[in-house]
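Work through the exercises below with the sequence and the coordinates at hand. Each task is followed by a solution in steps.

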Amino acid sequence: DAAGKSLGRTATEAAKLLRGKHRPDFTTNIDTGDFVIIINCKDAVLTGKKLDQKMYRKHSGYIGGLKETPARKMMQEKPEQAMYRAVKGMLPHTKLGDAQLKKLRVYADDKHEQTAQKPEIWEVK
C-alpha cells in the first residue's frame with residue numbers, strides 16, 4: 001500500500017521483493033522473487049521539489065522525438081506508470097530483470113484483480 005509513503009521507498013521495497021533479496025536462498029542469477037501488488041499509487045508522495053522539477057522522458061527514435069512529462073502531470077494522470085518506471089529502473093536490465101518485472105502489478109487505487117490469490121500485506125517503513 002503506497003498511500004502516504006514515498007514513491008521511491010515503496011519502489012525499492014517492491015524491487016527487493018521482486019528480486020527475492022529478502023529470502024535466505026537468494027541467488028543473483030536465479031529468479032527467486034515473489035509476486036508484488038502495489039495499490040494506492042495515486043496517494044504516493046514525492047518529496048522536496050520533485051513534483052515541479054522531475055521530468056519523465058521518452059524518445060520515439062526520430063529526430064526531435066523527445067517527449068517530456070512533468071512529475072506533477074504524471075502523478076495526476078498515470079500514477080501507476082510513475083511507480084512502474086521507478087521499480088523498473090531498480091531491477092537488472094537483462095532477461096532476468098524482464099522476467100522479474102512481469103511479476104509486478106501496479107494499481108492507482110485500492111481495487112485490484114488479485115484478491116483470489118489472498119495477498120499478504122508487506123509493511124513499508
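**Exercise 1. A residue in helix α5**

Task: Decide whether Q100 is buried or exposed, and list what Q100 touches beyond its sequence neighbours.

Solution. The model is a predicted one.
Step 1. The relative accessibility of Q100 is 1%, so Q100 counts as buried. The cut-off for buried is under 20%.
Step 2. Q100 sits in helix α5, which covers residues 95-101.
Step 3. With residues up to four places away in sequence set aside, Q100 touches L18, R19, D31, L91 and P92.
Step 4. A99 also lies in helix α5. Its relative accessibility is 33%, so A99 counts as partly exposed.
Step 5. For a distance from A99, take K50, 49 residues apart from A99 along the chain: the two C-alpha atoms are separated by 30 Å.

**Exercise 2. The nonpolar core**

Task: State how many residues the largest nonpolar core has, and which elements supply at least two residues each.

Solution.
Step 1. There are 24 residues in the largest nonpolar core. Those with the most contacts inside this core are L7, V36, I38, M83, V87 and L104.
Step 2. At least two core residues come from each of α1 (7-19), β1 (36-38), α3 (71-77), α4 (79-90) and β4 (104-106).
Step 3. The element that gives the most is α1, with six residues.
Step 4. Take I38 as an example. Outside the four places on either side in sequence, I38 is in contact with A2, T10, A14, M83, V87, L104, R105, V106 and Y107.

**Exercise 3. The largest pocket**

Task: Give the volume of the largest pocket, then describe its lining by residue, by element and by class.

Solution. Rolling a probe the size of a water molecule over the atoms shows where empty space is left.
Step 1. The space in the largest pocket comes to about 690 Å³.
Step 2. The lining consists of 22 residues. Nearest the centre of the pocket lie F35, V36, I37, P119 and E120.
Step 3. α1 and β1 each supply at least two lining residues. α1 gives the most to this lining, with four residues.
Step 4. By class, the lining has 11 nonpolar, five polar and six charged residues.
Step 5. V36 links this exercise to the previous one: V36 is among the residues with the most contacts inside the largest nonpolar core, and V36 is also one of the residues nearest the centre of the largest pocket.

**Exercise 4. Two residues between β1 and α2**

Task: Find the accessibility class of N40 and of T47, and the polar contacts of their side chains.

Solution.
Step 1. N40 is found in the loop between β1 and α2. T47 is in the loop between β1 and α2 (50-53) as well.
Step 2. N40 has 10% relative accessibility and therefore counts as buried. T47, at 42%, counts as partly exposed, because that class runs between 20% and 50%.
Step 3. A polar atom of the N40 side chain lies 3.2 Å from the backbone nitrogen of D110. For T47, a polar contact of 2.8 Å joins its side chain to that of K50.
Step 4. Beyond four places in sequence, N40 is in contact with D1, A2, A3, Y107, A108, D109 and D110.
Step 5. K5 is 42 residues apart from T47 along the chain, and their C-alpha atoms are separated by 9.8 Å.

**Exercise 5. Positive phi**

Task: For N40 and K118, give the phi angle, then state whether K118 is buried or exposed.

Solution.
Step 1. The phi of N40 is near 60 degrees, a positive value in a residue other than glycine.
Step 2. K118 is not a glycine either, and has a positive phi of about 50 degrees.
Step 3. K118 lies in the segment after β4. At 71% relative accessibility, K118 counts as exposed, because the cut-off for exposed is over 50%.

**Exercise 6. A tyrosine in β2**

Task: Place Y56 in its element, classify its accessibility and list its contacts.

Solution.
Step 1. Y56 is in strand β2, residues 55-59.
Step 2. Y56 is buried, since its relative accessible area is 7%.
Step 3. Without its neighbours within four places in sequence, Y56 is in contact with K67, E68, T69, A71, M74, A82 and R85.
Step 4. For T69, 13 residues apart from Y56 along the chain, the C-alpha separation from Y56 is 5.1 Å.

How values were computed
Residues are numbered from 1 along each chain as its sequence is written. This is a predicted model: local features need pLDDT of at least 70, side-chain atom pairs count only at pLDDT 80 or more; totals for chains, interfaces and linings use all residues. Side-chain values use heavy atoms; hydrogens and water are left out. A nonpolar core is a set of buried Ala, Val, Leu, Ile, Met, Phe, Trp, Tyr and Cys residues joined through side-chain atoms within 4.5 Å. Buried means under 20% relative accessible area, exposed over 50%, partly exposed in between (1.4 Å probe, protein chains only). Contact means heavy atoms within 4.5 Å. On a 1 Å grid over the protein atoms alone, a cavity is a set of points where a 1.4 Å probe fits but cannot get out, and a pocket is an open set with protein on both sides within 12 Å along at least five of seven lines; lining residues have an atom within 4 Å of a point. Grid points are joined across faces, edges and corners, and a volume is the space filled by probe spheres set on the points. Ala, Val, Leu, Ile, Met, Phe, Trp, Tyr, Cys and Pro count as nonpolar, Asp, Glu, Lys and Arg as charged, and the others, Gly among them, as polar. A polar contact is a pair of N or O atoms within 3.5 Å; within protein, one must be able to donate a hydrogen and the other to accept it, and residues adjacent in sequence count only if both atoms are side-chain atoms.
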